[in-house]
Amino acid sequence: MTKPKKISGPMSGRKACASPAGAGSLRQSRSELITAVVSEAVKLHQAGRLLEAEALYNQVLAAQADHFDCLHLLGVIAHQRGHFAAAVARIDLALKQNPNHAAALNNRGTALAAQNRLVEALESFSRAAAVQPDFAEAHSNRSNVLRQLGHFDEALASCDRALKLRPDYAEAHSQRGLVLCHLKRFAEALASCEHAIALRPNFAEAHCNRGLVLKELERFEEALASYDLAISLRGDLVEAHANRGNVLRELDRFDEALDSIDRAIALRPDFAEAHCNRGNVLSSLERFAEALSSHDRAIALRPGFAQAHSNRGNTLRDLGRLEEAVASYERAIELQPDLAQAFFNRGIALEELDRIEEAVQSYSRAAEIRPDYAEAHFNESLGRLVLGEFERGWEKFEWRWAIEPLCHHKRSFPRPLWRGAEEIAGKTILLHAEQGFGDTIQFARYVPILVARGARIVFEVQPALRSLMMCLPGAAQVVAAGDPLPDFDLHSPLLSLPLALRTRLETVPGAIPYLSAPAEKVVAWRDRLGEGAKPKVGLVWAGNPRKDFPNLNRVDRQRSIAFDTLAPLLQEPACIFYSLQKGDDAVTQLRDSPWRDRVIDFTDDLHDFSDTAALIENLDLVISVDTSVLHVAGALGKPVWLLNRRNTCWRWLRAGEDSPWYPTLRQFRQDAARDWVPVIARVAAALSEHLRGPK
């Protein structure tokens, strides 16, 4: 956060005047008496005795209403009391007497900036610097306002000018650190803040700014220590309390974060940024109604606060009020057309409203504003893929390596990455799994294609998939992740193969089955299940909740179904239901349900995916939400029905009941209401027809 801007001290640069001479003062001229009173007032002002100084300034003004110094310094007192509008009014009266007084122009700019009247403040600081080119403080304050206006290159130049004039100017070094932080030159930013601290070790604002840079570097514990030190030096440093709360939020210490931000608000109730940040923490605590109130309070304090409007949109989206969320993002964009994050957030809300084309354009605009905005590029890729725009979609999909959490798992090898151009006949290529089980199963279809081109394949997969993938045609060697790798000539992440092979919607390799279960396991399950007269139907109602990843957990809550919601389906007497569901929470739903006797549960005996595949081989139909089991059934060529959420995964495309990836797959999609009940009703009717034939 911005360090408090210094206001020029009383009578800066003036020679001291003689003090009043007691009884002999009656013999002094009127002018000499005024000079003496002003001198005494300045001493009181510099000693912090504001009431007494104010009384003397007013005494002088009663005798000489246009006295420049008294008007100016009453403005300084008003600023020190936090009465910023009054400060500007007083200083304006002074400037009528001397329009080119650099210190007064600087102080006026400071009071304007405190009211967020940034354009006017910039004009005032610029005039001060023009009147007195060697006025380092004016250049530094000008830099501060330019930074707040988003003119970072100009801000840096102004800060550098201040430091050229005063190399030991700690405030300017600290300010420079902030500007460099916004320019994402974090190493230089940290060095500037630390230079400021070296010049003045007890400079609380510099420690605060250092914390901000460390937060951007994701060195959260160090950032927290910086804020704590700043607060120990200045307990009333509002920005340190507020920013400390932001770091605690990053550390998932939400209750502490809320306490820290509340402390900032107690110190400065009109601190709009703190109210906005409070809303973000409350959203993390899933206290969305309170979060919305905090964002609304921030906007009431600063109607032009674009980031608050954008964050308000996030909370409205959490509340399911998507149209209002879009309106809030658009207000943020209206206020700050280059706010890339607002375009990105707008894209997410538009996607959830099934306005995919608009979402793609919103993501694209965010990436234009911030070319390194990996999340925007990646979300654009998903939007294009769900629309079937595979050429551009696969290109943008490579941005996945720059986002959380995949950025931590990007592999590097001494052998080159295969991008599709190099001839692979006679060469060994390592294909390495990179994401979930379902992704590995879906894209394993490319292994036989590369084998047909003459390549030898080393296929590295998750350990739970190794046994199943051993049955994949053409995989010369299947290696469990973590085991030693054999020699190879080239490598490719598995999900980069559609780009390398130029897969288009009409050329998706959809031949099935491309997987099979181990024959002995299939026989074992056949014997265990018995022949039976009734068709056998497998069920999966929930995905992996991935509670450690909030965004993925949000998706899982959308795709998963409470087991008892399947009740209309379970009432079908003409088939036998088998659970294929893993995961403690979802399995508990089954075991605690009054419908538990309608589902046979052998999942304790499913130790890896080859066991699951062998059981599925003995079923007639699988009904599943969007999980890895669905991919197993599809890859085996089994009839499989997908219970699909409204904001579908890209691979299932935007509309339609079928899938180019799995010819035996049938989709049952949620409608705009996002209610699973009508979906299950349709599935129950379809199952009845499937079992008995059309009526």
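In this predicted model, four strands (DSSP runs of E of at least two residues, numbered from the N terminus) form an open sheet in the order β3-β2-β1-β4, with parallel pairing, two strands being paired if DSSP finds at least two bridges between them. The edges are taken by β3 (477-480) and β4 (490-493), each of which has a single partner strand, so one side of each is left without a neighbour in the sheet. On average, neighbouring strands of this sheet are turned by 20° against each other, direction ignored. Strand β1 (residues 428-432) pairs with strand β2 (residues 456-461) in the parallel sense over five bridges, and histidine 432 has glutamate 460 in β2 as its bridge partner.

Residues are numbered from 1 along each chain as its sequence is written. Local features need pLDDT of at least 70, side-chain atom pairs count only at pLDDT 80 or more, and totals for chains, interfaces and linings use all residues, while side-chain values use heavy atoms, with hydrogens and water left out.

Among the helices (DSSP runs of H or I of at least four residues), the axes of α11 (residues 204-216) and α12 (residues 220-233) come within 8 Å and cross at roughly 165°, axes being lines fitted to C-alpha atoms, for helices over the stretch in contact, and angles running from 0 to 180 degrees between N-to-C directions. That makes α11 roughly antiparallel to α12, a term for angles over 145 degrees. Residues of α11 including Ala204, His207 and Cys208 meet residues of α12 including Phe220, Glu222 and Ala223, where contact means heavy atoms within 4.5 Å.

How values were computed: Parallel < 35°, antiparallel > 145°, perpendicular 65-115°, else oblique.
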